[in-house]
Amino acid sequence: AQTAYRRLIGHADIINYFQAASPLEEISLLNIGSRPARRFGARTLKDLRAIPWVFAWAQNRHLITGWFGVGTGIATFLQVRGKQGEHLLRRMFVDSRVFRLVIDEVEKTLFQVDLTIAKEYSELVTDKQVRQNIFSMVRDEYRRTTETVLRISGDDAIAKRFPLFRNTLERRLPMINQINREQIELLRRFRDAQGPEEKEKYQAALLLSINCIASGLGATG
């Protein structure tokens with residue numbers, strides 16, 4: 001799992017993708033922290049602050065920090081251990097509180113991911129090759145993680161075991177999804193604006209969209 005995650009965040013284009021396909025830079029305009037989203041002159045992941053890193057991936061509905069790599073980890077284990085390994089993981093899912101907690105939290109995060117909306121955010125990346133390379137990694141790992149988690153839990157749908165969580169979020173999702181799409185357009189206009197006066201026309205609505213999405217998902221990172 002760690003190897004798969006590091007393969008993504010170590011990709012040469014991950015910073016370019018992340019900055020374009022999320023409101024990372026714009027989050028700093030909220031003035032909700034004592035430090036900026038990134039250190040001056042940031043060029044690598046080491047230069048990014050931890051909280052904006054998680055926050056921005058939640059805003060664009062990728063949420064990679066909560067699940068990416070888990071599918072590869074489980075799938076690799078099952079390839080090596082076969083049916084015996086699958087039986088072991090299912091037994092751990094029932095008997096091990098720690099393992100069950102990991103799977104539970106991964107499932108809840110997967111339920112908040114929306115690949116359709118995530119792809120729309122990826123369209124903010126102007127370099128087509130960068131966009132396709134990174135998003136395809138996210139899409140493939142999401143599908144792999146969903147399949148392997150359901151294989152262990154025995155359920156037929158993600159987060160089926162959490163009816164209260166699922167129902168609460170499902171009631172909010174239509175509005176959250178709409179605000180996500182409005183945020184994408186606001187990001188496009190804000191970034192294309194010429195000069196501070198034109199940017200000011202979009203800034204309040206953009207910052208409000210960030211607050212609304214965070215409130216709807218119930219997390220800021």
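**Salt bridges and one buried asparagine**

Arg90 and Glu86 form a salt bridge, with 3.0 Å between the closest N and O atoms. I start there, but a word on the model before going on. This is a predicted model. The mean pLDDT over the chain is 92, and 90% of the residues score at least 70. Confidence is lowest in helix α4, residues 50–59, where the mean is 88. The highest value belongs to helix α7, residues 115–122, at 98.

Back to the pair. Arg90 and Glu86 both sit in helix α5, residues 70–95, and because they are 4 residues apart, about one helical turn separates them. Their surroundings are not alike in accessibility: Arg90 is partly exposed at 39% relative accessibility, while Glu86 is buried at 10%.

How many salt bridges does a search of the whole structure find? The count is 17. I will take two others.

The next one joins Arg161 to Glu107, at 2.4 Å from N to O. Arg161 is in the loop between α8 (128–153) and α9 (163–192), and Glu107 is in helix α6, residues 97–112, so this pair ties together parts that lie 54 residues apart in sequence. Is Glu107 buried or exposed? Glu107 is buried, with a relative accessible area of 0%. Arg161 has 24% and counts as partly exposed; the cut-off for buried is under 20%.

These two residues also belong to a network of salt bridges, which links Arg100, Asp104, Glu107, Asp155 and Arg161.

The last salt bridge on my list is between Glu123 and Arg131, with the closest N and O atoms 3.7 Å apart. That pair is still counted, because the limit for a salt bridge is 4 Å. Here the acid is partly exposed, Glu123 having 37% relative accessibility. Arg131 is buried, with a relative accessible area of 15%.

Now to a residue outside the charged set. Where does Asn60 lie? Asn60 is in the loop between α4 and α5. Its relative accessible area is 0%, so Asn60 is buried. What does the side chain of Asn60 reach at 3.0 Å? The partner is the backbone oxygen of Ala21. Leaving aside residues up to four places away in sequence, Asn60 touches Ala21, Ser22, Ala118 and Tyr121. Ala21 therefore appears twice for Asn60, once through the polar contact and once in the contact list, where contact means heavy atoms within 4.5 Å.

That is what I have for today.

Conventions: Residues numbered from 1 in each chain as written. Predicted model: local features only at pLDDT ≥ 70, side-chain atom pairs only at ≥ 80, totals over all residues. Heavy atoms only, no water. pLDDT = per-residue confidence, 0-100. Helix = DSSP H or I, 4+ residues; strand = E, 2+ residues; numbered from the N terminus. Salt bridge = Lys/Arg side-chain N within 4 Å of Asp/Glu carboxyl O. Buried < 20%, exposed > 50% of the residue type's maximum accessible area, 1.4 Å probe, protein only. Polar contact = N/O pair within 3.5 Å; in protein donor to acceptor, adjacent residues only side chain to side chain.
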